[in-house]
Amino acid sequence: MGSEDKANLLRVLINCAEKAANIARTCRVNEQLLSLLVQEKSEGEANERFEHDFKTLADVLIQETIKHEVGAVFPQMQDAILGEESPNFTNKLEESVTVAVGACEADTTACLEAVLSGHEGAASALAGEVHRVVNFESSTLCEIPELPEELDYANLGIWIDPIDATAEYISGDTMFTNFPGITSTGLDCVTVLIGVYERDTGIPVMGVVAQPFGNKLDEHVYSSSMFWGVCLPSLQAHNCHFEARDEHRQLAIFSSSEQSDILQRLLDLGYEFAFSAGAGHKALKVITREVELYLLSKGSTFKWDTCAPQAILRALGGDVFDFGASVSEQKPVALKYLMQNSESDWKRNATGIIAVRNIDAMEVLLAKLAEQ
């Protein structure tokens, strides 16, 4: 594409999400390849909630692919495309390699061969997916809206979580909750999260959430479920048209490590509970109206976990709020994405989150959470 005004950023992000899903599926379908790609995160990158956290080449490759794709079409955004993963990867020979998308498929293959220590077939397959032309279409995608001409791309940044629920991605073991359609663990919990925010206000304005394993077509064969939303001053649009659940039942979704006193307060309000993996997956259940509420009282999510689903929820009239600030101030305080390089922990949602589709539910909820 020759210029920014000829490209639709939302369409680019949807295609990036599908390309990410293709890479994730390519890695996951082959057990030998999957075992080659897994390595523990370094101490500085690990999420303290888990005894062992992992990163995969799929994570890093997806992140760098999205940066490359978006930066090529929207160069003004290049310096503000941020992700969870370090692009530095250590191969089986203990050699440090920086994963980068090359100008052509051969260059990317050469880089990946260095990471994979000579596994040429695997490197070639992954490079092929990176450079494949993707144009995602689905009956559930809905018409992609034209974005406002006045949209200032230089004021937009992106947070990427290339594979949310990495442990689920690696293990693949599925367990179901007591609620139809909601899994506790497994590939259904895996999401690709791409969120766009305004750099001057920190407000999320566009989000794409993909489930690479959303639709099982055959044994080890999957296609993506894709969700998007736009919430700009002059445009609100989404493809998340779902029927409400039984109005007489309130369902909330949590991490399995949620505090018992928090659960008791929600129980007192009449909520039933589901427990599931993946911050993106749990937020998605709010988007799809399968649950009314996702609450996490601990500071174990990050900007890359929440930016995309928050943008979609804002397009639906909901939002993602700061748990600690909202309870202490007794009013909803939305998460924001202002860059604060002076603070070492600025990427973390340090005092927890509350995701809702119906903001009116917050008043009663916050009052109950503040009770002594």
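**Exercise 1.** Which residues does Ile163 touch, not counting residues up to four places away in sequence? Work out where Ile163 sits as well, and whether it is buried or exposed.

*Solution.* Keep in mind that you are looking at a predicted model.

- Step 1: find the element. Ile163 is part of strand E6, which covers residues 156-164.
- Step 2: check the accessibility. Its relative accessible area is 1%, and buried means under 20%, so Ile163 is buried.
- Step 3: list the neighbours. Leaving out residues up to four places away in sequence, Ile163 touches Ala24, Thr56, Ala58, Asp59, Ile62, Tyr169, Val190 and Thr191.

**Exercise 2.** Ile163 turns up in a UniProt "binding site" annotation. Find the other residues in that set and decide whether they are scattered or gathered at one spot.

*Solution.*

- Step 1: look up the record. The unreviewed UniProt entry lists Glu84, Asp161, Ile163, Asp164 and Asp305 under "binding site".
- Step 2: compare sequence with space. The set spans 222 residues in sequence, but no two of the C-alpha atoms are more than 9.9 Å apart, so the residues gather at one spot.
- Step 3: look for a cavity. Asp305, from this set, is in the lining of the largest cavity.
- Step 4: place one more member. Glu84 falls in the loop that runs between strand E3 (81-83) and strand E4 (88-90).

**Exercise 3.** Take Lys19 and Glu69: what sort of link do they form, and which parts does the pair tie together?

*Solution.*

- Step 1: check the distance. The closest N and O atoms of Lys19 and Glu69 are 2.9 Å apart, and the two form a salt bridge.
- Step 2: locate the partners. Lys19 belongs to helix H1 (residues 9-29) and Glu69 to helix H3 (residues 57-73), so this pair ties together parts that are 50 residues apart in sequence.
- Step 3: compare the surroundings. Lys19 is buried at 4% relative accessibility, while Glu69, at 27%, is partly exposed.
- Step 4: try another pair. The side chains of Glu18 and Arg25 also form a salt bridge, with 3.2 Å from N to O, and both residues are buried.

**Exercise 4.** How many salt bridges does the structure hold, and which residues are linked with Lys368 in a network?

*Solution.*

- Step 1: get the total. The structure has nine salt bridges.
- Step 2: start from one pair. Lys368 and Glu371 meet through their side chains at 3.3 Å, N to O.
- Step 3: extend it. Asp268 joins Lys368 and Glu371 in a network of salt bridges.
- Step 4: check accessibility. Lys368 counts as buried at 16%; Glu371, at 41%, counts as partly exposed.

**Exercise 5.** Describe the surroundings of Gly318: is this residue buried or exposed?

*Solution.*

- Step 1: place it. Gly318 is in the loop between helix H9 (303-315) and strand E16 (319-322).
- Step 2: read the accessibility. A relative accessible area of 4% makes Gly318 buried.
- Step 3: list contacts. Beyond residues up to four places away in sequence, Gly318 touches Leu313, Val356, Arg357 and Ile359.
- Step 4: add a distance. Asp360 is 42 residues away from Gly318 in sequence, with 9.1 Å between their C-alpha atoms.

**Exercise 6.** Where does pLDDT stay under 50?

*Solution.*

- Step 1: take the overview. The average pLDDT is 88, and 89% of the residues score at least 70.
- Step 2: pick out weak stretches. Residues 1-5 stay under 50, with eight contacts beyond four places in sequence. Residues 46-54 are also below 50, with 18 contacts beyond near neighbours in sequence.
- Step 3: apply caution. Low pLDDT means the predicted coordinates shouldn't be read in detail.

Definitions and conventions
Residues are numbered from 1 along each chain as its sequence is written. This is a predicted model: local features need pLDDT of at least 70, side-chain atom pairs count only at pLDDT 80 or more; totals for chains, interfaces and linings use all residues. Side-chain values use heavy atoms; hydrogens and water are left out. UniProt positions are given in the numbering used here, feature names are shortened, and annotations may be inferred rather than shown by experiment. On a 1 Å grid over the protein atoms alone, a cavity is a set of points where a 1.4 Å probe fits but cannot get out, and a pocket is an open set with protein on both sides within 12 Å along at least five of seven lines; lining residues have an atom within 4 Å of a point. Helices (H or I, at least four residues) and strands (E, at least two) are DSSP runs, numbered from the N terminus. Buried means under 20% relative accessible area, exposed over 50%, partly exposed in between (1.4 Å probe, protein chains only). Contact means heavy atoms within 4.5 Å. pLDDT is the predictor's confidence in each residue, from 0 to 100. A salt bridge is a side-chain nitrogen of Lys or Arg within 4 Å of a carboxyl oxygen of Asp or Glu.
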